Amino acid sequence: YNSAVYQFHQQDDHTSPLAQIYWQCRDWSYAYFKRFYAAIQVKPFDKFYPESSVIARGQSIVKAHHGTVFVDSDGAVVFRGEAVGQHTRVFITSAGLPTYETKDLGVILTEVDDFAYDRRIIMTGNDQVDYMRVVFAALKQIDEPLAAKQVHLTNGTVRFGDGRKMSSRLGNVLTANQVLEAVGQAVEAPTEQLKRDITLGAIKYAFLKQRLGGDIAFDIEESVSLQGNSGPYLQYAHARACSILGKAADKSTARPLSKPTFEAGERSLVRQLGQFQAVVDQSIAELSPHLICTYLYELAQVFNRFYEKNRVLDDPRQAVRLALVQLYAQTLRTGLELLNIPAPRHI
């Protein structure tokens, strides 16, 4: 089958019966991804890299280093990874066909030409760790500076909230669109737009709050709850802060103050707000979005304690406290936007 697909591209065959099926299915796949990206409000990729577009580049680099980095083995071309602490993998089969390893080399080289990147981040499941190590080890023998720009992140298996693993064998696998639909059915909102915003907040936060590398426990009811560590909880917290600001009789008092003094009840909120940039910097440096999630949840809890004990409106310290509420709302909104989660002003 692979040989036939390669021939479709080599011969520019769009008319034979099997070729027509192949090209149609590929178009359906592209269309699906575009619809899905639009549904989750993620900017579409600038480019798709079909395997067919990177095969020639991958094969040429393997052939160029045949006899040095890559060697013959039973008619195939392999990389002997044991010399660098890895294992042997086939890059060209005995039938002369490129493997995924060769295609990955091709896409790495193609992408650096297209984007001239300083760092390339690829994310796969945990089961691909050893595979990517060998690909990067082979690349290091070819172009060490380019290999140094490669970063591989992994994630575990999505499991249900009760710990059961999603499994095609068990027939309990949910597609991404089915997850969107299921969570949407669990969300109650007065408008369709707000329902979509809360649905996306619930799903994205449920995944992003997990530390990369581990399994993800996904519970629909927990993800849409307005109580606890969830996206809708933070969206509601932001809307609540906006409501407080909207009720202020004199909106000008919500402007940031140049040199305010703070009472004991206000300082904990000020301290928490002051940590935001450091958390963002750490999250970027460590490629760990869950740090922002944890910070926003803790910030909302600190604000709740502050608001319970400190009157904001119609208080002698209204100006200072409204300024804090405004900064709190802005910080929540910025943090949610970094996670690509909508921050509605009304829920």
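## The three-stranded sheet

In this predicted model, three strands make up an open sheet whose order is 1-2-3 and whose pairing is antiparallel. The edge positions belong to strand 1 (70–73) and strand 3 (89–92), each of which has a single partner strand, so that one side of each is left without a neighbour in the sheet. Averaged over the sheet and with direction ignored, neighbouring strands are turned by 50 degrees against each other. Strands of a sheet pair through backbone hydrogen bonds, and the pairing may be parallel or antiparallel.

Between strand 1 and strand 2 the antiparallel pairing extends over four bridges, and Ser73 is found opposite Ala76 in strand 2. The hairpin formed by strand 1 and strand 2 has two residues between the strands, and within this hairpin Asp74 adopts a positive phi near 55 degrees. On the other side of the pairing order, strand 2 (residues 76–79) is joined to strand 3 by three bridges, with the two strands running antiparallel, and Val78 faces Val90 of strand 3 as its opposite residue.

## Helices against the sheet

Helix 4 (residues 100–115) packs on this sheet, where it touches strand 1 and strand 3, and its direction makes about 65 degrees with that of strand 3. Helix 5 (residues 129–142) lies across strand 1, strand 2 and strand 3, and runs at about 90 degrees to strand 2.

## Helix 8, helix 10 and Asp197

How are helix 8 and helix 10 arranged where they pack? Their axes are 7 Å apart and the packing angle is about 130 degrees; because angles from 65 to 115 degrees count as roughly perpendicular and those over 145 as roughly antiparallel, helix 8 and helix 10 are classed as oblique to each other. On the helix 8 side the meeting residues are Asp197, Ile198, Gly201, Ala202 and Tyr205, while helix 10 contributes Gly231, Pro232, Leu234 and Gln235.

Asp197, which is found in helix 8 (residues 192–208), is buried because its relative accessible area is 12%, and buried means under 20%. When neighbours within four places in sequence are left aside, Asp197 is in contact with Gln41, Gln235, Pro342 and Pro344. By contrast with these contacts, the C-alpha atoms of Asp197 and Phe33, which are 164 residues apart along the chain, are separated by 20 Å.

## Salt bridges

The structure holds 12 salt bridges. One of them joins the side chains of Asp113 and Arg57, with an N to O distance of 2.8 Å. This pair links distant parts of the chain, since Asp113 belongs to helix 4 and Arg57 to helix 3 (residues 51–64), with their positions 56 residues apart in sequence. Asp113 is exposed, at a relative accessible area of 52%, whereas Arg57 counts as partly exposed at 32% relative accessibility.

Another salt bridge is formed by the side chains of Glu222 and Lys209, at 3.5 Å from N to O. Glu222 lies in helix 9 (residues 220–224) and Lys209 in the loop between helix 8 and strand 7 (216–218), so this pair ties together parts that are 13 residues apart in sequence. Glu222 is partly exposed, with a relative accessible area of 45%.

## A salt-bridge network

The side chains of Glu263 and Arg317 also meet in a salt bridge, for which the N to O distance is 3.7 Å. Glu263 is in the loop between helix 10 (231–247) and helix 11 (264–274), and Arg317 is in the loop between helix 13 (290–309) and helix 14 (318–338), so the pair ties together parts that are 54 residues apart in sequence. Glu263 counts as partly exposed at 37% relative accessibility, whereas Arg317 counts as buried at 17%. Through salt bridges that share partners, Glu263, Glu266, Asp315, Arg317 and Arg321 are joined into one network.

## Cysteines

How many disulfides does a search of the whole structure find? The search finds zero. Cys293 is in no disulfide, and the nearest cysteine sulfur, which belongs to Cys242, is 19 Å away, while a disulfide would require the two sulfur atoms to be within 2.5 Å. Cys293 is buried, with a relative accessible area of 0%, whereas Cys25 is partly exposed, with a relative accessible area of 36%.

Definitions and conventions. Residues are numbered from 1 along each chain as its sequence is written. This is a predicted model: local features need pLDDT of at least 70, side-chain atom pairs count only at pLDDT 80 or more; totals for chains, interfaces and linings use all residues. Side-chain values use heavy atoms; hydrogens and water are left out. Buried means under 20% relative accessible area, exposed over 50%, partly exposed in between (1.4 Å probe, protein chains only). Two strands pair if DSSP finds at least two bridges between them. Axes are lines fitted to C-alpha atoms, for helices over the stretch in contact, and angles run from 0 to 180 degrees between N-to-C directions. Contact means heavy atoms within 4.5 Å. A salt bridge is a side-chain nitrogen of Lys or Arg within 4 Å of a carboxyl oxygen of Asp or Glu. Angles under 35 degrees count as roughly parallel, over 145 as roughly antiparallel, 65 to 115 as roughly perpendicular and the rest as oblique.
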